[in-house]
Amino acid sequence: MSQPTTVAGKHMMQMKIVPCFGEFTITPPVLLGVHWVTEYYNSLNSGSGSKKINQGVSDVCVHWAGGMHHAKKGGPSGFCYANDIVACIMDLLRHHKRVLYIDIDVHHGDGVEHFFYNTNRVMTVSFHQSDGFFPGTGNIDDTGVDQGKNYAINVPLRRGINDNSYLAIFTPVIHNIIYRYQPEAIVMQLGVDSVVGDRLGQFNLSNVGHASCLDYVLSFNLPMVVLGGGGYTAYNVARTWTLETGAVLGEKLNNVLPKNTFMGFPDGKGRLEIPSVEMYNHNTPKFLEDTLQKVLQVLAKTEIAPSVPLYTPPQDWYSPQLKGDPDSISEDVRLPQELKDVLVDHPQEHYDGEKDNDQDNPEPLLKTESQETPVKVEEPIPEIKPTVNTHTEKV
Ligand SMILES: [Zn+2]
């Protein structure tokens with residue numbers, strides 16, 4: 001096999017192949033340019049959300065293409081190549097003492113938990129399907145290590161959970177966490193594979209129930225970055241994130257969809273809301289109560305609003321002051337190479353005028369009256385007269 005010559009190709013050669021999803025064998029597919037798309041597009045967009053929160057420009061930022069919660073430091077996993085969530089949280093930590101990460105994807109948010117497993121600056125809480133479901137982690141007893149002990153919260157659930165059962169455990173857990181941990185910002189991953197009818201997930205949540213979780217977290221009025229995640233039934237994904245975009249905007253959307261090209265498709269029946277179906281709920285009231293009590297016991301061991309030593313946050317590499325006005329940057333400011341690269345003008349952007357670099361002053365194609373080249377007024381050449389000796393000597 002020939003060695004890849006592109007940068008993206010070299011990165012892809014280093015990827016691990018990860019078997020997952022139980023009886024299936026699904027590996028993150030190797031595609032040309034996928035590294036660029038996931039690392040730069042996802043991370044920069046989720047990162048731009050965190051920057052807007054840091055700068056106080058926005059209260060809630062949404063990036064549905066983000067939420068790649070399985071990616072690890074060492075390689076991709078479960079369709080996730082670069083962990084945009086970690087990048088987003090790391091940026092938020094520059095200006096916020098404590099960040100809460102909430103994950104309601106049907107899979108355990110292992111990549112994010114793994115990254116912040118030993119710190120109390122970030123509390124991670126994941127509600128996910130257990131019973132050997134991918135990635136197989138997220139046991140209720142896995143609660144963090146060292147300084148992060150008890151700051152990783154796992155709520156493993158069983159198949160067939162419906163809206164009432166889910167909200168019966170989601171609401172008290174989140175309420176307890178927010179009043180105890182007192183986060184200054186929240187990042188929420190809203191994978192749609194926890195909605196009924198997903199091709200991988202086996203929960204029985206309606207998309208209204210799914211959106212109710214977002215509504216509940218929004219009700220605390222904390223700065224928030226809302227991200228997408230998994231979702232393997234296309235019409236579920238489109239409907240649920242549409243409904244949740246409305247929730248972020250405070251809009252109640254009409255359940256009857258406007259006429260469109262896909263109206264004749266059998267799924268969805270032209271309705272925005274996806275109802276739960278008849279399915280056995282393996283989450284008995286006793287199981288839910290036991291799980292809730294175990295989680296609350298872990299939370300009871302956490303310090304209330306753990307403090308952070310005072311420090312001066314480093315300057316944002318891309319701030320409104322720097323945006324679009326490179327001339328305003330002091331020469332004393334040391335800039336990262338990424339910003340220097342952005343600030344280099346393309347040669348075709350050079351223009352004549354006061355910023356003319358080449359000083360060639362080409363003639364404009366069309367001249368207006370005011371642009372006409374002034375005619376140089378030449379001084380008259382003095383007439384040269386032959387010298388006449390007027391002083392004739394008298395002989
Ligand atoms: Zn998932």
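Biologist: Let's start with N150: where is its place in the chain?
Modeller: Bear in mind that we're looking at a predicted model. N150 belongs to neither a helix nor a strand here; its place is in the loop between β3 and β4.

Biologist: What is the phi of N150, given that it is not a glycine?
Modeller: Most residues other than glycine have a negative phi. N150 goes against that, with a positive phi of about 80 degrees.

Biologist: How does N150 count: buried, partly exposed or exposed?
Modeller: To be buried, a residue needs 20 or more other C-beta atoms within 10 Å, and to be exposed, 12 or fewer. N150 has 16 such neighbours, so it counts as partly exposed.

Biologist: And N221, is that one buried or exposed?
Modeller: N221 has a positive phi too, about 55 degrees, and its place is in the loop between α6 and β6. The cut-off for exposed is 12 or fewer C-beta atoms within 10 Å. N221 has 8, so it is exposed.

Biologist: Which residue does a cis peptide bond join to P135?
Modeller: Most peptide bonds are trans. P135 has its place in the loop between β3 (122-129) and β4 (152-157). The cis bond there has an omega of about 5 degrees, and the partner of P135 is F134.

Biologist: How many of the residues of strand β5 are buried?
Modeller: In a regular strand the side chains alternate between the two faces of the sheet. In β5, A185, V187 and Q189 point one way, I186 and M188 point the other way, and all are buried. The strand is therefore largely enclosed by the rest of the structure, with a buried count of five of five.

Biologist: Which residue in β5 is the bridge partner of Y101?
Modeller: Strand β2 (residues 99-103) pairs with β5 in the parallel sense, over five bridges. Within that pairing, Y101 is matched with V187.

Biologist: In β6, what is the bridge partner of Q189?
Modeller: β5 runs parallel to β6 (residues 224-227), with four bridges joining them. β5, helix α6 (residues 207-218) and β6 also make a right-handed β-α-β unit. For Q189, the partner in β6 is L227.

Biologist: Which helix gives the largest share of the largest nonpolar core?
Modeller: That core has 65 residues, and those with the most contacts inside it include I89, Y101, I102, V187 and M188. Six residues make up the largest share, and they come from helix α5.

Biologist: Which residues does I102 touch, leaving out those up to four places away in sequence?
Modeller: I102 is one of the residues with the most contacts inside the core. Its list takes in I186 and M188, which are buried and point one way from β5. In full, I102 touches V125, I174, I186, M188 and V217.

Biologist: How many residues of helix α3 are buried?
Modeller: Helix α3 covers residues 84-92 and is mostly covered. Its buried residues are D84, I85, V86, C88, I89, D91 and L92. That gives a count of seven of nine.

Biologist: How does α5 lie relative to α8: roughly parallel or roughly antiparallel?
Modeller: The two pack with their axes 10 Å apart, at an angle of about 10 degrees. Residues of α5, including A168, P172 and I177, meet residues of α8, among them L288, L292 and V295. Angles under 35 degrees count as roughly parallel. So α5, relative to α8, is roughly parallel.

Technical notes: Residues numbered from 1 in each chain as written. Predicted model: local features only at pLDDT ≥ 70, side-chain atom pairs only at ≥ 80, totals over all residues. Pairing = 2+ DSSP bridges. Right-handed = clockwise from strand over helix to strand, strands pointing away. Core = buried A, V, L, I, M, F, W, Y, C linked by C-beta atoms within 7 Å. Contact = placed C-beta atoms within 7 Å. Axes fitted to C-alpha atoms, helices over the stretch in contact; angles between N-to-C directions. Parallel < 35°, antiparallel > 145°, perpendicular 65-115°, else oblique.
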